[in-house]
Amino acid sequence: MQELSVRHLLGIKDITSQDIQLIFETADNFKDVLNRPIKKVPSLRDITIANVFFENSTRTRLSFELAEKRLSADVINFSSSGSSVKKGETLLDTVNNILAMKVDMIVMRHSSPGAPHFLSRHIQANIVNAGDGTHEHPTQALLDSFSIREKFGDVAGKKVVIIGDILHSRVALSNIFALQKLGAEVMVCGPITLLPKYIKELGVKVELDIRRALAWCDVANVLRIQLERQQMKYFPSLREYTLYYGINKKMLDSLDKEIVLMHPGPINRGVELSSDAADSHHSIILNQVENGVAIRMAILYLLASKQ
Ligand code: CP
């Protein structure tokens with residue numbers, strides 16, 4: 001049996017293109033399972049997984065929980081709000097207490113970049129990073145590239161533009177690593193104030209004009225403005241952002257080719273995307289969400305076999 005090169009999924013930076021292909025092939029099989037009348041397999045029976053979320057989430061948390069249940073794992077959910085974290089307990093103490101209850105794997109979201117990497121140096125259980133601050137969101141990038149592969153047959157050679165708040169986005173960084181490892185051409189587009197100073201060192205194209213970016217790409221992956229991570233004003237107003245970087249259906253329909261529209265969610269309708277664009281035939285946003293379950297089943301299954 002083929003194996004992943006890693007014991008934890010901390011970031012796309014740490015895995016190989018062979019790892020990504022193995023995750024995709026495994027997810028293909030689990031997607032078949034999810035389309036059957038009985039959507040459950042016994043693969044992770046006797047494995048207990050804790051979803052440990054120190055930050056808000058809808059998609060990632062539900063998708064992991066469903067993936068775990070579809071694999072017949074036992075699941076516990078921890079959320080920092082309402083927990084003893086509020087009484088001053090450290091991250092390591094919290095996780096060690098969860099592990100003392102005979103938990104085998106940890107899926108963690110945390111607002112601090114590097115939190116899952118820190119944990120991986122102190123605990124034995126497998127860790128999956130479900131988003132660490134502005135750093136990485138590896139499962140989102142994998143489901144995004146899997147959805148591009150599903151739409152076009154291959155990611156290699158595709159032109160993908162990531163649009164919006166690149167500076168504060170863990171989705172952008174993980175997508176850049178994943179797309180490059182799979183042979184896509186990557187562009188970022190947004191206001192100069194929302195592009196990191198080091199961005200060109202990542203080997204991506206940079207475009208400030210949204211219309212030129214849309215004319216170039218096969219796929220536009222549009223990000224939310226992450227106001228919760230912004231300590232200062234990066235543009236005059238949301239209205240102005242929408243005026244210069246918002247995408248509507250008319251803009252998509254006026255292109256001389258069909259492009260695919262993606263978004264990791266949650267969408268701020270009327271800001272980065274108009275409703276008529278988000279709900280148009282260009283959009284594969286809900287396909288991304290659907291694919292997230294199969295991708296997370298594949299990752300949990302492959303990591304469990306490394307125990
Ligand atoms: N895409 C994503 O991470 O969404 P949630 O924050 O709802 O999990």
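**Exercise 1.** Determine why strand 4 (residues 126-132) is largely enclosed by the rest of the structure.

*Solution.* Count the buried residues, where buried means under 20% relative accessible area (1.4 Å probe, protein chains only). In strand 4, 7 of the 7 residues are buried, so the strand is largely enclosed by the rest of the structure. Strands are DSSP runs of E with at least two residues, helices are runs of H or I with at least four residues, and both are numbered from the N terminus.

The model is predicted: local features need pLDDT of at least 70, side-chain atom pairs count only at pLDDT 80 or more, and totals for chains, interfaces and linings use all residues. Residues are numbered from 1 along each chain as its sequence is written, and side-chain values use heavy atoms, with hydrogens and water left out.

**Exercise 2.** Identify how strand 3 (residues 105-110) pairs with strand 4.

*Solution.* Pairing requires that DSSP find at least two bridges between two strands. Strands 3 and 4 are joined by 5 bridges in the parallel sense. Within this pair, M105 stands opposite N126 of strand 4.

**Exercise 3.** Establish how many disulfides the model contains.

*Solution.* A disulfide is a pair of cysteine sulfur atoms within 2.5 Å. The count by this rule is 0. For C189, the nearest cysteine sulfur belongs to C217 and lies 9.5 Å away, so by the cut-off C189 is in no disulfide. C189 is buried, with a relative accessible area of 0%. C217 is likewise in no disulfide; this residue is buried, also with a relative accessible area of 0%.

Definitions and conventions: Buried < 20%, exposed > 50% of the residue type's maximum accessible area, 1.4 Å probe, protein only.
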